[in-house]
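Thank you all for coming; I would like to take a few minutes on the empty spaces and the sulfur chemistry of one structure. Please have a look at it before I begin.

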Amino acid sequence: MRLLAMVLACLIFAPPVWAGSDSDALDARASVLHRIDLAGRQRMLSQRIAMSACLVHAGAQPAVNAARAETAEALFDRTQAGLRAGDADLGLTPESHPDVLDALTAVDRLWPKVRETAMVVRRGGPASATALTTLRAQAGMLLKATNEVVTRMENLTAQGLVAPELAGAVNVAGRQRMLIQKAMMQACFAASSGHGKALKAKVLATKSLFEHSLAHLLIGDAAKGIIPVPSPEIDARLVRVVRMWRWLGADLDALAGGTEMGPADPAP
């Protein structure tokens, strides 16, 4: 069967240009939005690493998914360091806000344990089944910690550099990337454990949040501080996501319901 394959670029909001703004102000706004976007990508990577490890455990293209997990881990490591100390190649300057630094420290405490558990799962053997259960809990904690980094960055936009509704839209759009990985991870755990019913409910909840967020991104939601689609190009991308989701969602239901993931399945 098909596994998840989403063009995640469809979910990225490009910073708009404000009429009458000078180039320095535009660069500063773009930098803030870029930082929020990369911090949001950490949320996605936290779920992708656990998802890939679970797929290896399930026998779904183990070599491919092990390599993808290692790539995701390296990117998580580098981005985490860049968010704190800066990374010119990633377009990041050093973080100076104490609240954000504290949130990054919380991620630093969790990350090594998650990485080690994911490696145990990928290696297989007698310890991998227990490690898989541990990884499911750790992935949830790491997601919560990485999300707190994004939340604190977004809260800083109240200082006036970036309109809060634009920062919120970037946050929600970036969260969609994470929800795809999270739903797939949950579906894999459901198919690989004896707790399929409870985990399937979590898959459905994640799907529901993705679908509601997609609708909010398309039409805007003043109550949630989400602006309407700012350009025809982004609108076209989101419509494409809607079309793709019709079969992606069906795959998630099938996996959560116990469909086996064999070596011949395409990787997400």
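Which elements each supply at least two residues of the lining of the second largest pocket? They are α4, α5 (164-192) and α6 (196-219), where helices are DSSP runs of H or I with at least four residues, numbered from the N terminus. I should say early that this is a predicted model, in which local features need pLDDT of at least 70 and side-chain atom pairs count only at pLDDT 80 or more, while totals for chains, interfaces and linings use all residues. Residues are numbered from 1 along each chain as its sequence is written, and side-chain values use heavy atoms, with hydrogens and water left out.

A pocket here is an open set of points on a 1 Å grid over the protein atoms alone, where a 1.4 Å probe fits, with protein on both sides within 12 Å along at least five of seven lines, and lining residues have an atom within 4 Å of a point. About 170 Å³ of space lies in this one, the volume being the space filled by probe spheres set on the points. Its lining includes R136, K182 and K202.

Turning to the sulfur atoms, one disulfide is counted, meaning a pair of cysteine sulfur atoms within 2.5 Å. C54 is joined to C188, with 2.2 Å from S to S, and this pair links helix α1 to helix α5 across 134 residues. The torsion about the S-S bond is about -95°, so the disulfide is left-handed. C54 is buried (under 20% relative accessible area, with a 1.4 Å probe and protein chains only) at 0%, and C188 is likewise buried at 0%.

Key
Buried < 20%, exposed > 50% of the residue type's maximum accessible area, 1.4 Å probe, protein only.
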